[in-house]
Structures are given as C-alpha cells and as structure tokens.
Amino acid sequence: MKNALTLKPGAMTLTELRAVWTAAGPLSLAAEAYPVIEASAAAVRAIVAKGDAAYGINTGFGLLAKTRIPDDKLEQLQRNLILSHSVGTGELLSDAVCRLILLMKIGSLARGYSGVRPLIIDTLIALYNAGIMPAIPAKGSVGASGDLAPLSHMTLAMLGVGDVRVHGEIMPAADALKAANIAPVVLAAKEGLALINGTQVSTALALHGLFMAERLLEAGMVSGALSLDAAKGSDSPFDARVHEVRGQPGQIAAASIYRQLVSNSAIRASHLIGDERVQDPYCLRCQPQVMGACWDIIGNAARTLLIEANAVTDNPLLFKDGELSVVVSGGNFHAEPVAFAADTLALAIAEIGAISERRIALLIDATLSGLPPFLVRDPGVNSGFMIAHVTAAALASENKSLAHPGSVDSIPTSANQEDHVSMATYAARRLDDMAHNTAVIIGIELLAAAQGIDFHRPLKTSPHLEHVHAQLRQKVPFFDADRFFAPDIEAAKGMVMRGELSASCKGLFTAVHP
C-alpha cells in the first residue's frame, strides 16, 4: 500500500518523515506500543485515586501550579486548558506540516511517558487516516512550554470544536468527525496538557524547512554547474586533491558531484587550450566550498531534528521507580535545539540563494561571461534577463534579513514563570518564505544558464546537464525576444521545488539525504 507506515515510537527515520511530508498514506501504531501506553495511563489514574498533588494532573498550570483542582473538575480542567490556549493567529499550516505534527505527537505520546489513554492516540491516528487536518494558525508560539497555542488548535479537532481542513476544504470539526465516524474525545486527567506540551509544531516546521533545503542544495549545484559551462568556466577547481587536503566532508562530497555533473562536456573541451583566463570568479570557482559547507550544516540540522522528532517533550513525565510511578517535572518542551537547527538551515538557504544570484549577475554581464548582454539577441530593443536579475537580487537581499537568528531572541511569558523561550516556532516558520525566495533565484539562474548553453550551440554540455536542459526546454522555450517572463520563472521555480533538477541527474544525489 502506497506510503503505508507502521509507527514505531522513538524509531522514526528521516525517510519516513519525508514520505509523510510528501504525501498522505495509511498510518498505524506498532502493537507493542499499546501495553506501555496503557501502563502510563493507569499510573495517572492511580495518582488521582491516591489524592496527592501532581502538576498538570490535579493542579493548575504555569503560575497556577499551586492551585489544587477537585477530582470532579479534572475533565473540565483539561477541556478549559484547550479552549483557553487556542489563541493562534495567521495563515493555517499546510497539510504537509500538519501531517508531520500529528505523526510526531502520536509517536511522542506512544512512548509511554505522558500518561494518556490509548483512546487519545487512536483518535489522532483516525484523524490522520481520514485526512482530517486540524486548522492550526501559524503564529502564536514562542517555542517554550511547548507549542501551546498551535497544539491546542490541533487538540480542538479531537474535541469536535472549531474548524478542520479535509481535502483542502475548511469545515466544522464536528461535521468532519461525524462524517468519518470518529467520536469526539472527553479528555481525562493530564491528557490535555500532554497533547499541547511539546515541540512538535516547531519541529514539523523545521523539518519542512530541512526537506526544502535539501532540494535547494541539489538544485543549486545543478544550476551552478550549468552556469559554469554557460560561462565557459574551468572545472579544475573541482579536482579531488584540492578538497582532500582541506578535509571538510561536505566540500569533498560536493566537489565529487560537480565533477560528475560537468564530465564530458564538449563546451569545456572547446576552451581547454588557449583560454586567456587564469581563474574564474568565486561564484564559479568556490562552489564546492560554499555548497559543501551548506551540505554539512544541513546534515547537522537533520540529525538534531530526527532526534527531536522521536523525542518525548511534554511535561510532567511519568517514570517507573521500582513498583511505583513518579511524576517528574522538567523542561523538554524548551525547543532550543530546534531553534538552533532552524537558524542554521536559514544560513544555508540564504547562502545557496546568494551565490546563485552572483552567478546570474555574471551571466548577464557580457564582459565577464562572453555571452550577449543580458542573454538576449538584439539587446537594447530587448531587455532580456535584466530585470529577472533584479528580482533575484531583491529576494537574495530579503533572505539576508530573514536569516537573522531567531534563537537569540527571548521574551518572558506567563507572569515571568516562563522567563526564557526559544522562539523556535518563528525560527522554523520563516524557512518557508526563505526557501521560496531561493527557489525563485535558482529558477532564474537555471533559465539564464540554459540560455547561455543555447548560445554555444552546436556544442553540447555534459550528458547530465544536457538532460536537465532538455527537461527545462519542455516547459520553457529559448528566450529569443522579450516576452511575458514571470510564467517562465514560475515554471523553473516549480522544477526546483519539486526536486526535478536532481532527479534528472540520476544517482548523483543519493548521499545528500542521510
């Protein structure tokens, strides 16, 4: 069955997370998880029956933790928690991000440290499998004490309150649950807190940014290699010996891919002898150094986010101490690791776009590229790529501001009880805007580089790059004279966002995805 996934709590892989991000498929929970879940729920029931005060089980929340709640109001306490914390604003998170949120929340609760009943997890799975995506506003979390507001909106759907999205259509949650034959839940002690405490929204947004960054890295390497040939640049800087003596692993791997991308180019062979240029500009010559560094920090972010995707991040947690269960308050909801990962992804996304913009600038400058001014015949009458480059420059500059680290910010909340926060949700959320900016830049470079290759005909570039060029030309014809240019850019951007450039170079990019 397509994209079917049996979730094993604590053991999800990046491959599984990418598959869930890409498309919906049936989800189930490994059978061995259920006894652990039930034991944790039984521990909560025992604590309530014993009558001892335990945070989040029979007390208020945050600064109200000293307020004891009577047993007959525990269900009301949990429902009120969800209603009062559902205060998000802004555009709704995409289905892809919502699927990741649901998946990770299920996986976290199913590890058996959160004290929820199997019913809660089964309801989340039922929502996922029915394609009922909670309507979660993107803004309203500071990334500490968990993603409280967005996860409360997620939980509303389980209660049959508010709105959800089904196959792109917004509808009342109660109607969607009824149509799918899913009963609204009544939350028991601790369950509301367990559902809304955690870093799943920050992590889902960061994973969304990670998976886009991987595609941008691949596309930027392909378009950069195409630009190298369009500008009749040298492949000597990709010599393996240069990179081995430095030793940076991403740089070594990137240089290997560049060598394969440009191998057997007739354009390169045409200027091996008698070329008066000694060295290419950095945007051509230093591609392995720049993209290799991006490769490394994207990989580091992937490792952090995979750990977080499998983590238990709510509070308090239940642990076995001999025959007894103990409630331990901690701070796993603080999303600092996610914030740092998102900030480094922002650096990579910005730099991939920044060096791509420099190559566009080189290609349209006849004194540097040797190509017609602005890559068009009859310049003057035609403006060619002049203003397309301005768009790329504007987006590259915008990314510089967006790349400012979110993790260095903090603001106290909850009457100074929650006095240092991660801002991970914003740090991760802004990656989407940055990725779309960079995809446009790379798309413009792809168009410009393909135009340069066409000016070198009948000479051909390498087999890999000829295939990329042919794929582009199926969507966008040669720019022979000024025309409505925006649709061409959108078509090229789409190729970048869908990962089509690296897919055209079969087998070269398998190492990019750990």
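Accessible areas here come from the Shrake-Rupley method with a 1.4 Å probe, and for residues only the protein chains shown count as cover. With that in mind, select the whole protein chain, which exposes about 20,700 Å², 57% of it supplied by carbon and sulfur atoms. This is a predicted model, in which local features need pLDDT of at least 70 and side-chain atom pairs count only at pLDDT 80 or more, while totals for chains, interfaces and linings use all residues. Residues are numbered from 1 along each chain as its sequence is written, and side-chain values use heavy atoms, with hydrogens and water left out.

Keep the whole chain selected and colour it by secondary structure: there are 21 helices and nine strands, taken as DSSP runs numbered from the N terminus (helices H or I, at least four residues; strands E, at least two). The radius of gyration, taken over C-alpha atoms, is 26 Å, close to the 24 Å that the globule rule (2.2 Å times the number of residues to the power 0.38) gives for 514 residues, so the chain is as compact as a globular protein of that length. Of the 514 residues, 55% count as buried, meaning under 20% relative accessible area (1.4 Å probe, protein chains only).

Next, select Glu91, Ala138, Arg429, Asp432 and Asp433, which lie nearest the centre of the second largest pocket among its 15 lining residues. A pocket is an open set of points on a 1 Å grid over the protein atoms alone, where a 1.4 Å probe fits, with protein on both sides within 12 Å along at least five of seven lines; lining residues have an atom within 4 Å of a point. Its volume, the space filled by probe spheres set on the points, is about 320 Å³. The elements giving two or more residues to this lining are β3 (89–92), β5 (137–139), α9 (200–230) and α18 (424–455), and α18 supplies the largest share, four residues.

Move on to the backbone, where most residues other than glycine have a negative phi, and most peptide bonds are trans. Select Asn315 and Pro316, joined by a cis peptide bond with omega of about -5°; Pro316 lies in the loop between α14 (287–309) and β8 (317–321). Then go to Arg457 and Pro458, whose peptide bond is also cis, with omega near 15°, and find Pro458 in the loop between α18 and α19 (463–473).

Finally, select Lys190, in the loop between α7 (173–179) and α8 (191–196), where phi is positive, near 75°, and relative accessibility is 0%, so Lys190 counts as buried.

Technical notes:
Buried < 20%, exposed > 50% of the residue type's maximum accessible area, 1.4 Å probe, protein only.
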